[in-house]
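Welcome, and thanks for taking a look at this one. Please have the chain open in your viewer while you read the short tour below.

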Amino acid sequence: AVLTQPAIQSAKAGAAAMLAVTRAGKRLVAVGERGIVLLSDDDGVHWRQAATPVQVSLAAVQFVTPELGWAAGHLGVVLRTTDGGRTWTRQLDGVQAAAAMARAAATPDAARAAAQMQEDGPDKPFLDLHFTDERNGYAVGAYNLLFRTTDGGASWQPWQEHAANPKSLHLYAMRAAGAALYVAGEQGTLLRSLDGGASFEALATPYKGSYFGLLAAPGGELVAYGLRGNAWWSGDQGRSWRQVETGLQQSLTAGIVLADGSLALLSQGGDILLSRDAGRTFARAPVSQPLPAAALAQAADGALIVAGLRGVQRLPSSPQQKTP
């Protein structure tokens, strides 16, 4: 039922757990539990609820223009908006995803995986999505869930067989760096595509814990981050990595490139780390009252926006690094 019933409009929506936040032009768009989508047109000072067609938790959101964007989340849901997040339509859900996997199965292993997904029902979440332009995009999630679209989401193709993930480990994030695509996942999983997404090869990494996200600096440098404050830096497209000292034990849940080209990481406890050397080093920024946090964005006026279990919080201005 939650796949077909619209999100309940509530005056308390602003206090709901929000799992992702991003910019759509000057507008801020946050998504979270029970299909709630919040919009702000004043840099995060005030928020209002948008209309969505589902009541499932949404875990990721991205816009490629101020009007065109997608959100993805639990039960294999992908939503699309063409009006800056005011209204959304469902493009994919777990039932449709399982049927697509069954149709596309070309090997006995693929057929078994599709049959298992159909038997389980639409219980597997998408955890991130990445569109390279208005037509080409991917959604990634639990148990190697990987789908691709080349027509703006009008149709989606199972893409698991194109990724070197034989254990079907969870995939948490996808990002682009130059012409390369990278996917981060559990148990030290990092995948890379150098052929426009046709195939994803496994990269050797020195860390066997989960990576929850990836950052790509303007110069192409990469930062992979995840459990227990772990962050790793690469300046050669992921061929080699060195650990970045964060000074944190809490998991790192989000990261963004700021307007001035510096990098910001967010911890589960609401700590913010800043880097002005393309991710080689990070220093903690002063935050007056850190709150449980899941996602980070920067408003058009430069303020940082933190989404988490208590809704969306606007920091008064972009924090500065503490002097070592």
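How far apart do the end C-alpha atoms of residues 123–204 lie, and what share of the span is helix or strand? The two end atoms are 30 Å apart, and the span is 44% strand and 0% helix. Please keep in mind that this is a predicted model. The choice of span comes from UniProt, where an unreviewed entry lists residues 123–204 as "domain: Photosynthesis system II assembly factor Ycf48/Hcf136-like".

**The whole chain**

Stepping back to the full protein chain, the secondary structure consists of 27 strands and 2 helices. With a radius of gyration of 19 Å, close to the 20 Å that the globule rule gives for 324 residues, the chain is as compact as a globular protein of that length. Along the principal axes, its C-alpha atoms fill a box of roughly 60 × 50 × 30 Å.

Burial and surface come next. Of the 324 residues, 56% count as buried. The protein chain exposes about 13,600 Å², and carbon and sulfur atoms supply 51% of that area. As for contacts, take those between residues at least 6 apart in sequence: 44% of them join residues at least 24 apart.

If you care about electrostatics, the chain has 27 positive and 26 negative charges, and the mean positions of these two sets are 3 Å apart.

**Three loop residues**

A few loop positions deserve a visit, and the table gathers their surroundings.

| Residue | Loop between | Relative accessible area |
|---|---|---|
| Gly25 | strand 1 (18–24) and strand 2 | 31%, partly exposed |
| Arg34 | strand 2 (27–32) and strand 3 (37–40) | 47%, partly exposed |
| Asp43 | strand 3 and strand 4 (48–49) | 18%, buried |

Why might a backbone angle catch the eye here? Most residues other than glycine have a negative phi. Arg34 is not a glycine, yet its phi is positive, at about 55 degrees. Asp43 also has a positive phi, near 60 degrees, and is a residue other than glycine.

Is Asp43 buried or exposed? Asp43 is buried, because its relative accessible area is 18% and the cut-off for burial is under 20%. Arg34, at 47%, is partly exposed.

Which residue lies 9.6 Å from Gly25, C-alpha to C-alpha, while being 274 residues away in sequence? That partner is Ala299. Gly25 itself sits in the loop between strand 1 and strand 2, where its relative accessible area of 31% makes it partly exposed.

Terms used: Residues are numbered from 1 along each chain as its sequence is written. This is a predicted model: local features need pLDDT of at least 70, side-chain atom pairs count only at pLDDT 80 or more; totals for chains, interfaces and linings use all residues. Side-chain values use heavy atoms; hydrogens and water are left out. UniProt positions are given in the numbering used here, feature names are shortened, and annotations may be inferred rather than shown by experiment. Helices (H or I, at least four residues) and strands (E, at least two) are DSSP runs, numbered from the N terminus. The radius of gyration is taken over C-alpha atoms; the globule rule is 2.2 Å times the number of residues to the power 0.38. Buried means under 20% relative accessible area, exposed over 50%, partly exposed in between (1.4 Å probe, protein chains only). Contact means heavy atoms within 4.5 Å. Accessible areas come from the Shrake-Rupley method with a 1.4 Å probe; for residues, only the protein chains shown count as cover. Lys and Arg count as positive and Asp and Glu as negative; His and the chain ends are not counted. The place of a charge is taken as NZ of Lys, CZ of Arg, CG of Asp or CD of Glu.
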